[in-house]
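I opened the notebook today to go through one structure step by step, and I wrote down what I looked up in the order in which I looked it up.

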Amino acid sequence: MDKKNTRTAAARPVPGADNPDGENAVLALIAAMPGPSRAMGERLHALIKASAPALSPKVWYGMPAYAKGGKILCFFRGEEKFKERYMTLGFTQEANLDEGRLWPTAFALTELTAAEEARIGALVRKAAG
């Protein structure tokens with residue numbers, strides 16, 4: 001890389017750096033969800049942030065998502081996004097969830113009880129590993 005390209009690369013923002021606009025954009029997206037999705041989205045956001053505070057909220061393909069080092073690890077979407085009958089919590093291939101030859105990459109959520117919250121918290125912590 002020549003000196004000009006080195007300076008240009010150095011001037012770019014670091015991927016995954018804290019971005020308060022990402023947090024605000026995610027919160028605005030959640031606030032725009034219909035009632036039941038909004039309530040579950042608010043709880044998921046708080047749960048993900050508490051489970052892995054180093055993750056940076058971002059809007060990814062119109063969905064709330066959470067990144068580490070600029071790479072999306074997990075996301076969720078309300079049922080209205082694709083006219084589904086449930087909210088979806090998903091994990092990308094960047095998440096550290098590999099286990100054997102088969103592991104989950106997405107979950108349907110119809111309700112968040114303490115048991116689901118504990119499982120989601122554990123998955124998010126493992127993904128952020």
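My entries on the sheet, the charged pairs and the nonpolar cores follow.

**Entry 1: the sheet.** I began by noting that this is a predicted model. I then looked up the strand order and found an open sheet of five strands, arranged β1-β2-β3-β4-β5 with antiparallel pairing. At its edges I noted β1, residues 56–60, and β5, residues 106–109, each of which pairs on one side only. On average, neighbouring strands of this sheet are turned by 25° against each other, with direction ignored.

**Entry 2: β3 and β4.** I looked next at one pair of strands, and found that β3 (residues 71–77) and β4 (residues 87–91) run antiparallel and are joined by four bridges. Within this pairing, I recorded L89 in β4 as the bridge partner of F76. I also checked what lies across the sheet: helix α4, residues 114–128, lies across β2 (63–68), β3, β4 and β5, and runs at about 30° to β4.

**Entry 3: T88.** Is T88, a residue of strand β4, buried or exposed? I entered T88 as buried, because its relative accessible area is 5%, which is under the 20% cut-off. Leaving aside residues up to four places away in sequence, T88 touches F75, F76, R77, A106 and F107. The side chain of T88 also makes a polar contact of 3.5 Å with the side chain of E84.

**Entry 4: R77 and E84.** Following E84 further, I found its side chain in a salt bridge with that of R77, at 3.2 Å from N to O. I wrote R77 down as buried, since its relative accessibility is 16%, whereas E84 counts as partly exposed at 23%.

**Entry 5: charged pairs between helices.** How many salt bridges does a search of the whole structure find? The search gave four, and I followed two that link helices. E23 forms a salt bridge with K49, with the closest N and O atoms 3.4 Å apart. E23 lies in helix α2 (residues 20–31) and K49 in helix α3 (residues 35–51), so this pair ties together parts that are 26 residues apart in sequence. Both ends came out as partly exposed, E23 with a relative accessible area of 22% and K49 with one of 25%. I then looked up E117, which forms a salt bridge with R43, the closest N and O atoms being 2.9 Å apart. Because E117 lies in helix α4 and R43 in helix α3, this pair ties together parts that are 74 residues apart in sequence. R43 counts as partly exposed, at 35% relative accessibility.

**Entry 6: the nonpolar cores.** I kept in mind that in soluble globular proteins nonpolar side chains tend to be buried together. The largest nonpolar core here has 26 residues, and the members that touch the most other members are L44, I48, L55, F76, F91, L109 and I120. At least two residues of this core come from each of α2, α3, β3, β4, β5 and α4, and α4 gives the most, with five. I also noted a second, separate core of five residues, among them M63, A67, I72 and F75.

**Entry 7: L55.** Last, I asked which residues L55 touches when those up to four places away in sequence are not counted. The contacts I recorded for L55 are I48, K49, Y66, A67, K68, L73, V124 and A128.

Notes. Residues are numbered from 1 along each chain as its sequence is written. This is a predicted model: local features need pLDDT of at least 70, side-chain atom pairs count only at pLDDT 80 or more; totals for chains, interfaces and linings use all residues. Side-chain values use heavy atoms; hydrogens and water are left out. Two strands pair if DSSP finds at least two bridges between them. Axes are lines fitted to C-alpha atoms, for helices over the stretch in contact, and angles run from 0 to 180 degrees between N-to-C directions. Contact means heavy atoms within 4.5 Å. Buried means under 20% relative accessible area, exposed over 50%, partly exposed in between (1.4 Å probe, protein chains only). A polar contact is a pair of N or O atoms within 3.5 Å; within protein, one must be able to donate a hydrogen and the other to accept it, and residues adjacent in sequence count only if both atoms are side-chain atoms. A nonpolar core is a set of buried Ala, Val, Leu, Ile, Met, Phe, Trp, Tyr and Cys residues joined through side-chain atoms within 4.5 Å.
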